[in-house]
Amino acid sequence: MRKKLIFVTILSVIIGNSLLGQLDPSFKQNQFNAMVLNPAQVGADNRSSISVNGQKSWLGIEGSPKTFNAMLNLNVTDKLGLGVLVLNDELGPVKTNRVGLSSAYHLKINKKWRASLGISTFISNTVVDLPSLTTTVLSDPHLQTVLNSGSQLRVGFGGLIYSEKVYFGISQPTAGEVEFVYSNMQNFIPSPSFVAYTGTSIDLNREWQFRPNLTYRFVKSMPTYLDMAATFTYDKTIDLGLTYQLMSGLGVLLGVEVNNLFYAGYSYTYPTSRLNTAASQSHEVSLRFKFGKEKKSFGFQNPRFFN
């Protein structure tokens, strides 16, 4: 019962701010989900790829978050990238499905730096099954309706500046408001989310690289979201890293790349907030397959973003 009450409290914040405030799913292995953060990332990697990612958070709490996405990232030309995204996100009674397309144009600034601008458009559906919740108020009039947004057309946009060793990105992954069919939601104030992130790659010696990155998300009336990761890569094959989300969780990540084609990654996170009294851990698994020729049109090979 205690876990259900904790979850309902968390959910009330999410529905009132996150759902209607466009707080998109967050991941620990961002190299597989860069297109979710910023459409300008499409076509920025050195090769085309197909990737899938599954995340299950807050184990031990009924209705805890779980997310799955699949992405196709294509380098159509040296300057044009196209992407396809399919995403399913569930948090208690809140279920969101999304199918979308992204495109980005990459241009040369000088011998060392490039920039890209990206836009995404997608069809999204959100359902909130309020009657499935159990509260201390019998027949609560506010929980008698299933909210359904129907199929809505949404957009996102972003920019990216990068070199062989450093990158900076900023985006609004989801613009516009969630509107539910036959429901008056005037009491909720939408708060768009904005994302900024940066990272670098440092050669420690011939075999080891150190790649830290930082992701910041701003949502009005929500706590500060700051996600940090530090990854050590051996021989461009094995990744070992630590992740930390401000006032939320501490974790580790592991990854292995085979023949510069196939990559498998795993992330484990333990909550450092008061959630650890009810939830034990979070898990994330990612798979990626690269294909096509490497892109070196601007004089250097594109960096491996995030990871």
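# Close-up views of a predicted model

**Figure 1. β4 and β5 form a hairpin, with five residues between them.** The model shown here is predicted. The two strands, β4 (94-108) and β5 (114-129), run antiparallel and are joined by 15 bridges. One residue pair to pick out is Val 99 and Ile 123: Ile 123 is the bridge partner of Val 99 in β5.

**Figure 2. β5 pairs with β7 in the antiparallel sense.** Eleven bridges connect β5 to strand β7, which covers residues 152-162. Arg 114 has Tyr 162 as its bridge partner in β7. β5 thus appears in this view as well as in the hairpin with β4.

**Figure 3. β5 also pairs with β6.** This pairing is antiparallel too and counts three bridges. Strand β6 spans residues 146-148. Val 127 stands opposite Asn 148 of β6.

**Figure 4. The second largest cavity holds about 110 Å³ of space.** The whole structure has four cavities of 30 Å³ or more. Lining the second largest cavity are 13 residues. Those nearest its centre are Met 35, Leu 85, Ser 102, Ser 120 and Phe 122. Four elements, α2 (34-37), β4, β5 and β8 (166-175), each give two or more residues to this lining. The largest share comes from β4, with four residues. By class, the lining has seven nonpolar, five polar and one charged residues.

**Figure 5. Ser 102 of strand β4 is a lining residue of the second largest cavity.** Ser 102 lies among the residues nearest the centre of that cavity. Its relative accessible area is 9%, so Ser 102 counts as buried, the cut-off being under 20%. Contacts beyond four places in sequence reach several parts of the chain: Met 35, Pro 39, Val 42, Gly 81, Leu 82, Gly 83, Ile 119 and Ser 120. Met 35 and Ser 120, both in contact with Ser 102, are also among the residues nearest the cavity centre.

**Figure 6. Met 247 has a positive phi.** The value is near 55 degrees, and the residue is not glycine. Most residues other than glycine have a negative phi. Met 247 sits in the loop between β13 (238-245) and β14 (249-258). Its relative accessibility is 59%, which means that Met 247 is exposed, since the cut-off is over 50%.

**Figure 7. Asn 260 has a positive phi as well.** Here phi is near 55 degrees, again in a residue other than glycine. Asn 260 is found in the loop between β14 and β15 (262-271). At 30% relative accessibility, Asn 260 counts as partly exposed, because that class lies between the 20% and 50% limits.

**Figure 8. The protein chain as the setting for the close-ups has two helices and 16 strands.** Of its 307 residues, 47% count as buried. Ser 102 is one of the buried residues. Among contacts with a separation of 6 or more, 60% are between residues 24 or more positions apart. The accessible surface of the chain comes to about 15100 Å². Carbon and sulfur atoms account for 63% of that surface.

Conventions:
Residues numbered from 1 in each chain as written. Predicted model: local features only at pLDDT ≥ 70, side-chain atom pairs only at ≥ 80, totals over all residues. Heavy atoms only, no water. 1 Å grid on protein atoms, 1.4 Å probe; cavity = no way out; pocket = protein on both sides within 12 Å on 5 of 7 lines; lining within 4 Å. Points joined across faces, edges and corners; volume = space filled by probe spheres on them. Nonpolar A, V, L, I, M, F, W, Y, C, P; charged D, E, K, R; others polar. Buried < 20%, exposed > 50% of the residue type's maximum accessible area, 1.4 Å probe, protein only. Contact = heavy atoms within 4.5 Å. Areas by Shrake-Rupley, 256 points an atom, 1.4 Å probe, with all protein chains shown as cover. Pairing = 2+ DSSP bridges.
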